[in-house]
Amino acid sequence: MSGRHSGRPTLEQVAARAGVGRGTVSRVINGSPRVSEQAREAVEQAIEELGYVPNQAARTLAGSRTDAVALVIPETEARLFAEPYFLDIIRGISAELGASDKQLLLTLVRSERERERFEQYLAAQRVDGVLLASVHADDPLPERVRELGLPVVLNGRRTADEPAAYVDSDNAGAGRAAVAHLAGRGRRRIATITGPLDMYVARARLDGYREGVAAAGLDADELLVATGDFTEEGGRRAMRALLDRAPDLDAVFAASDVMAAGARGVLREAGRRVPDDVALVGVDDSAVARLMDPPLTSVRQPIEEMGRTMARMLLRELAGEATAAEEGAHQVLPTELVVRESS
């Protein structure tokens, strides 16, 4: 037996056989000098034993740069332009890449067909690396990008043990801080409007909410939990559902400012005063929070800095200084409660 696999070996299999990180394999393939001789020999031996053939994008990555980076957002145009979050992420990424003379290509992937077309675009060596925002739990794109030999950095993560490089914020801490604030103001029936639960960010904020309820000594009541989708209309639907099944609620933690805005409209229609009858807290500390009536208490994420950090991580990997398998590839930035008149 030659030890070769019948299927096409992956970069991860080469790394496992060589006993090194995936990034080390990429650097060996790309001819980077930032690899020890021992590691280089181990990788070359693993490549030979497995019969691994690097694709053209991986072989030419180091020597034939496109000076372009793709930012992929798997959402519709309507959501992209309706949510300040995405605009702030783009602003941070663009500022960091601009200083490096890299061109930013914005791509919306809204269907399986568009994802396949984007993968073909990557395979044609059109970009040097990929930044991916708004990731869902079942998104296969990070693995596809890595199989093409390109570095990828996520905004957020798909699971708690995300293997790809990512920049996230303390989402569970956001939920805890919001509930602690509301409980400290004497609120006892604190509801929450979550984001879509196929996204780790939404599950983490829900976990933080539940931890905050327990820490405040309040009764956990699933009637006080409604699922939204990070849109204003989703916030409106969830708020209506909450009022129907828990009319005695006296506070709401919405997992985004945009959903809080939707909830605020429904509360007004129902004759509930904010904050007298129902206190309201959001997340992001966006322009939406500052312009609401009354201004919204919100948990601030350092959104632009998240974008800058994503771009810096990608640039470091392109320069052969770091990889997704090495220290610093997973960064979680702190959040901060900003108190305004809504609570």
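Are tyrosine 85 and phenylalanine 86 buried or exposed? The points below take this up, together with a second ring pair and one helix of this predicted model.

1. Tyrosine 85 is buried, and phenylalanine 86 is buried as well. Their ring centres lie 5.8 Å apart. The planes stand at 85 degrees, and an angle over 60 counts as edge-to-face, so the pair is edge-to-face.

2. A search of the whole structure gives two aromatic pairs. Besides tyrosine 85 with phenylalanine 86, phenylalanine 118 pairs with tyrosine 121. In this pair the centres are 6.4 Å apart and the planes 15 degrees apart, which makes the arrangement stacked.

3. Phenylalanine 118 and tyrosine 121 both belong to helix H7, residues 112-123. Because they are three residues apart in H7, about one helical turn separates them. An α-helix has 3.6 residues a turn, so residues three or four places apart point the same way.

4. The two residues of the stacked pair are to be read separately for burial. Phenylalanine 118 has a relative accessible area of 5%, so it is buried, as the limit is under 20%. Tyrosine 121, at 30% relative accessibility, counts as partly exposed.

5. Helix H11 covers residues 232-245, 14 residues in all. From its first C-alpha to its last, H11 reaches 20 Å, close to the 20 Å expected at 1.5 Å a residue.

6. The buried residues of H11 are Gly234, Gly235, Arg236, Ala238, Met239, Leu242 and Leu243. They pack against three strands, S6 (190-194), S7 (225-227) and S8 (251-254), and against helix H12 (257-269).

Technical notes:
Residues are numbered from 1 along each chain as its sequence is written. This is a predicted model: local features need pLDDT of at least 70, side-chain atom pairs count only at pLDDT 80 or more; totals for chains, interfaces and linings use all residues. Side-chain values use heavy atoms; hydrogens and water are left out. Helices (H or I, at least four residues) and strands (E, at least two) are DSSP runs, numbered from the N terminus. The expected span of a helix is 1.5 Å times one less than its number of residues. Buried means under 20% relative accessible area, exposed over 50%, partly exposed in between (1.4 Å probe, protein chains only). Contact means heavy atoms within 4.5 Å. Rings of Phe, Tyr and Trp (its six-membered ring) pair if their centres lie within 6.5 Å; planes under 30 degrees apart count as stacked, over 60 as edge-to-face and the rest as tilted.
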